[in-house]
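Good morning, colleagues. I would ask you to look at the structure on the screen while I take you through its fold and its side-chain contacts.

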Amino acid sequence: SFKQAILMMGGPNFLNQLVEFGNTGKDLMNDETIEFLAVYIDVEQFTPPVAKNASTAAEGLCTYVRAMKFYHEASKIVKPKL
């Protein structure tokens, strides 16, 4: 929920959790997770420049979320070839 998201993002470990997810969690994402994110990512206004109008932090988080989706899509192509 939005309320839970605000609590999580306001927590003292939020940035560390993002870094940790970027280091290890990104390889654990599945298609279902991406499908849930797509509802938001596919919104035309969900872009870093639009998010920057709210704050620099929103811009960074938008960039991060989009990068995780693109990483997942790319890894589905690259990993089978390794």
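What you see is a predicted model, and I shall begin with confidence. The protein averages a pLDDT of 91, and 99% of the residues score at least 70. Confidence is lowest in helix H1, residues 2–9, where the mean is 88. The highest value, 96, belongs to helix H4, residues 48–52. As a general caution, where pLDDT is low, the predicted coordinates should not be read in detail.

Let me turn to the overall architecture. The secondary structure comes to 5 helices and 0 strands, and from the N terminus on the elements run α-α-α-α-α. Along its principal axes, the C-alpha trace spans about 40 × 30 × 20 Å. Of the 82 residues, 20% count as buried. Among the contacts with a separation of 6 or more, 57% join residues 24 or more positions apart.

I shall now dwell on helix H5, which covers residues 56–78. Does the length of this helix agree or disagree with what its residue count predicts? At 1.5 Å a residue, the 23 residues of H5 should span 33 Å, and the end C-alpha atoms lie 32 Å apart, so the two agree. Within H5, the buried residues are Cys62, Met68, Lys69, His72 and Ser75. The cover over the buried residues of H5 includes helix H2, residues 14–23, together with H3 and H4.

The next topic is charge. How many salt bridges does a search of the whole structure find? The search finds 2. In one of them, the side chains of Lys76 and Asp31 meet at 3.1 Å, N to O. Lys76 lies in helix H5 and Asp31 in helix H3, residues 31–41, so this pair ties together parts that are 45 residues apart in sequence. Both partners have some access to the surroundings of the protein chain by the numbers: Lys76 is partly exposed, with a relative accessible area of 49%, and Asp31 is partly exposed as well, at 44%.

In the other salt bridge, the side chains of Glu73 and Lys69 meet at 2.8 Å, N to O. Here both residues lie in helix H5, 4 residues apart, which is about one turn of the helix. Are these two residues buried or partly exposed? Glu73 counts as partly exposed, at 35% relative accessibility. Lys69, at 12%, counts as buried; the cut-off for that term is under 20%. Lys69 thus appears both in this salt bridge and in the list of buried residues of H5.

A further lysine deserves mention. The charged end of Lys26 sits over the ring of Tyr71, 5.3 Å from the ring centre. As for rings paired with one another, the count comes to 0 aromatic pairs.

Finally, I return to helix H1, where Met9 has its place. Met9 counts as partly exposed, at 34% relative accessibility. Which residues does Met9 contact, once its neighbours within four places in sequence are left aside? They are Phe14 and Leu61. Leu61 falls within the range of H5, residues 56–78, and Phe14 within that of H2, residues 14–23.

I thank you for your attention.

Technical notes. Residues numbered from 1 in each chain as written. Predicted model: local features only at pLDDT ≥ 70, side-chain atom pairs only at ≥ 80, totals over all residues. Heavy atoms only, no water. Salt bridge = Lys/Arg side-chain N within 4 Å of Asp/Glu carboxyl O. Helix = DSSP H or I, 4+ residues; strand = E, 2+ residues; numbered from the N terminus. Buried < 20%, exposed > 50% of the residue type's maximum accessible area, 1.4 Å probe, protein only. Phe/Tyr/Trp six-rings, centres within 6.5 Å; stacked < 30°, edge-to-face > 60°. Lys NZ or Arg CZ within 6 Å of the ring centre and 35° of its normal. pLDDT = per-residue confidence, 0-100. Expected span 1.5 Å × (residues − 1). Contact = heavy atoms within 4.5 Å.
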